[in-house]
Amino acid sequence: MKILTVLTYYRPHTSGLTIYAERLARAFVQRGHQVTVMTTQYDPSLPREEMMDGVKVIRVPVAARVSKGVLAPTFGFVATKLVAQHDVVQLHLPQFDAPGVAFRARLFGKPVVLTYHCDLFLTRTWFNRLVNFVVDFQNNMAGRLANHIVTYTQDYADNSPYLSRYASKLTPILPPVELPVPTPLAVSAFADAHRTKERRPVIGMAARLAAEKGVEVLLDALPIILKKYPNAQVLFAGTYQNVMGEQAYSDRLMPRIREFEVQGHWTFLGNLDPIQMAAFYPNLDVLTVPSLNSTEAFGLVQIEAMLNGVPSVPSALPGVRRPVQMHGMGRVSKIGDSASLAESILSVLDEADQHRGDIDAIKKSYDPDSVAQEYEKLFQRLMKR
């Protein structure tokens with residue numbers, strides 16, 4: 001098949017959505033399909049067109065930024081040409097341009113599948129309310145035009161105002177997760193660099209420094225954890241500087257974080273590539289995902305941690321709680337409750353033997369090739385119609 005994948009941001013931008021899209025696109029290529037990713041040139045230094053792991057990436061120039069989104073005036077023109085050249089169109093939502101692309105696919109008689117990653121919540125300003133309204137409207141238009149919608153879990157779908165409108169054309173497919181196998185030398189070098197043998201237990205968090213991620217909940221929980229484990233440390237992997245739309249949030253949290261940094265209880269690692277992430281997880285005792293709203297729909301990092309034998313403590317958000325519930329590796333904490341987060345982390349640390357799972361089974365469930373096969377079946381069914 002010739003598959004056109006359309007999304008606002010693609011690699012090297014780092015988010016759960018872009019990582020999902022990259023893994024799935026690569027898996028399609030490895031299964032013999034021709035894949036084109038249409039995205040935006042959010043960074044002017046990125047090439048307009050390139051091949052990445054067998055995937056053709058076409059980036060449309062950006063004229064302006066709006067909150068966390070972009071305006072690309074020629075997006076529709078490029079989409080018209082590409083939709084006509086492909087057999088099936090896959091759109092990753094949230095995405096402002098989705099209904100226009102879906103409409104073109106309908107005109108050309110090409111099946112349209114939406115992969116809905118999460119709801120969008122922006123900080124409460126009058127402008128962001130307007131942005132939320134526009135994106136919600138665009139997502140709903142795309143939902144009506146789409147032939148089918150994919151989301152990560154039924155749990156998230158049942159609790160999403162958006163997805164519940166389209167229950168008749170919705171299929172849950174678990175997300176693709178893979179990591180390189182770390183070498184013992186790389187794991188040991190990471191341990192030496194970050195003193196994970198001396199400063200234990202190690203609590204991991206892998207995310208952008210963004211308001212929906214609930215970093216302040218972990219900050220409030222940390223003093224409680226330190227009472228029992230005075231040598232505990234947090235290793236934070238992910239973008240923490242100049243995160244789009246999050247400067248005010250960063251400014252508010254940084255003074256507290258800097259205090260923990262000085263004491264040796266917090267370290268920012270920055271963005272880590274897959275090989276570095278593979279060395280990061282084995283050095284953790286527990287991972288936490290204390291997210292606050294449905295902008296978080298699953299937390300791929302939980303599965304990455306579990307594949308390395310590391311349990312997770314997520315918040316009880318729909319979808320986000322499912323990895324622990326399905327695989328038994330960790331404990332779910334109350335949303336936005338620092339005392340509950342601390343209690344859950346301490347419980348997992350104190351009862352590590354009770355939070356081990358079937359790693360081989362987990363790996364099989366999230367293997368990108370298996371996920372690509374589920375999409376293939378869906379695409380073929382829609383093309384026959």
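Pro94 sits in the loop that joins strand E7 (88-93) to helix H3 (98-107), where helices (H or I, at least four residues) and strands (E, at least two) are DSSP runs numbered from the N terminus. This is a predicted model, in which local features need pLDDT of at least 70 and side-chain atom pairs count only at pLDDT 80 or more, while totals for chains, interfaces and linings use all residues. Residues are numbered from 1 along each chain as its sequence is written, and side-chain values use heavy atoms, with hydrogens and water left out.

**Exercise 1.** Determine whether the peptide bond from Leu93 to Pro94 is cis or trans.

Solution. Omega for the bond from Leu93 to Pro94 is near 10 degrees, and the bond is cis. In general, most peptide bonds are trans. A further cis bond runs from Arg11 to Pro12, with omega near 15 degrees, and Pro12 lies in the loop between strand E1 (2-6) and helix H1 (16-30).

**Exercise 2.** Find the sign of phi at Arg195 and at Asn242, and then decide how exposed each residue is.

Solution. Begin with Arg195, which is not a glycine and yet has a positive phi of about 50 degrees; Arg195 is in the loop between helix H6 (184-194) and strand E11 (202-206). Its relative accessibility is 44%, so Arg195 counts as partly exposed (buried means under 20% relative accessible area, exposed over 50%, partly exposed in between, with a 1.4 Å probe and protein chains only). Turn next to Asn242, also not a glycine, whose phi is positive at about 55 degrees. At 70% relative accessibility, Asn242 counts as exposed.
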